[in-house]
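Work through the exercises below with the structure open. Each task is followed by its solution in steps.

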Amino acid sequence: MLGQRIASAVVLIPTVLFIIWLSPATTALGTAFVAVIATYEFYTMASNSPYHFRPLEWAGYSVAALFSLLGYLRYPLLMLALIGILAIITLPVIALRSRADKGSVSLWQDWGITVFAPVYAGLPLGLLALIRADHANEEAIWWIVLICLGTWGADTGGYAFGRLFGRHKLAPKISPKKTVEGAIGGILTAMLGVGLVGGLALNIPIYLTLPLGFGLAVVSILGDLFESWVKRRFDTKDSGKLIPGHGGVLDRIDSFLAVTVLVYLFILFYV
């Protein structure tokens, strides 16, 4: 399993970074593709769960991809409006389908999952496309590196510190392997990485980079715990099987999604 994880990382990480480095257009195409796959995985988990939810999939896939297009075109307000449009359009369609089926007890749940999945997976990736399109090449790349360090620092540091010092469970009912000591180590690692990149490459004052690193690490951990909670609710181990040793796409980007949103908000109010 560890060998598969390393092999997958060796292939995926350079490929993803190359697509992002190439241009804003390739970044948007890549984020749209990943958003659709992640939305598909969420819908599949929901459909195969003991609740047998029935999301309106075509609408979700369309909106998940559109977030990246709007990010590439630099229309953040339209991205927010798209959420409302999705909610308004899908509710009557699902209600009519429920009525045709002589009433579905999961009407509101089906609607909620239909709207939530593309927003959860697609909106942050659309914001990533927006960051790439909205800044000069080198600056945009460094912001994305900062996002990666906030995510990977918390994950890798948490894993290493947890293996070495882990004694106290962080959230045993959601993710039994996570420990308080690992979380502390992940936070310190992320603060170090974000502090270096933010200070040296993006000229962010240290009194901002350290709190930013702390915040990114915390939301990274929370993002991972949230997806673990969803998988437990849906009674599944992995979101998919696309990436050997890792599971599904959603398993790999759960923390990244949360971190991207926070970095975008930081850019919005700081830059």
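**Helix packing around α3**

In this predicted model, helices α3 and α4 are roughly antiparallel to each other.

**Exercise 1.** Derive the relative orientation of α3 and α4 from their axes, then describe the contact.

*Solution.*
1. The axes of α3 and α4 (residues 76-100) lie 10 Å apart, at an angle of about 165 degrees.
2. Angles over 145 degrees count as roughly antiparallel, so α3 and α4 fall in that class.
3. The crossing of α3 past α4 is right-handed.
4. On the α3 side, the contact is made by Ala59, Val63, Leu66, Phe67, Leu70 and Gly71. Their counterparts in α4 are Leu78, Met79, Leu82, Ile83, Leu86 and Thr90.
5. By class, the contact of α3 with α4 has 10 nonpolar, 2 polar and no charged residues.

**Exercise 2.** Do the same for α3 and α5: find the orientation, the handedness and the classes of the residues in contact.

*Solution.*
1. Helix α3 (residues 57-72) and helix α5 (residues 107-134) have axes that come within 7 Å and cross at roughly 20 degrees.
2. Angles under 35 degrees count as roughly parallel, so α3 is roughly parallel to α5.
3. The crossing of α3 and α5 is right-handed.
4. From α3, the residues that meet α5 include Gly60, Ala64, Ser68 and Tyr72. Among those they meet in α5 are Thr114, Pro118, Gly122, Gly126 and Ala133.
5. The residues of the contact of α3 with α5 divide into 11 nonpolar, 6 polar and no charged.

**Exercise 3.** Which residues of α3 meet α4, and which meet α5? Use the lists to find residues that appear in both.

*Solution.*
1. Val63, Phe67 and Gly71 of α3 meet residues in α4.
2. Val63, Phe67 and Gly71 also meet residues in α5.

Notes
Residues are numbered from 1 along each chain as its sequence is written. This is a predicted model: local features need pLDDT of at least 70, side-chain atom pairs count only at pLDDT 80 or more; totals for chains, interfaces and linings use all residues. Side-chain values use heavy atoms; hydrogens and water are left out. Axes are lines fitted to C-alpha atoms, for helices over the stretch in contact, and angles run from 0 to 180 degrees between N-to-C directions. Helices (H or I, at least four residues) and strands (E, at least two) are DSSP runs, numbered from the N terminus. Angles under 35 degrees count as roughly parallel, over 145 as roughly antiparallel, 65 to 115 as roughly perpendicular and the rest as oblique. A crossing is left-handed if the near helix is turned anticlockwise from the far one by less than a right angle, and right-handed if clockwise. Contact means heavy atoms within 4.5 Å. Ala, Val, Leu, Ile, Met, Phe, Trp, Tyr, Cys and Pro count as nonpolar, Asp, Glu, Lys and Arg as charged, and the others, Gly among them, as polar.
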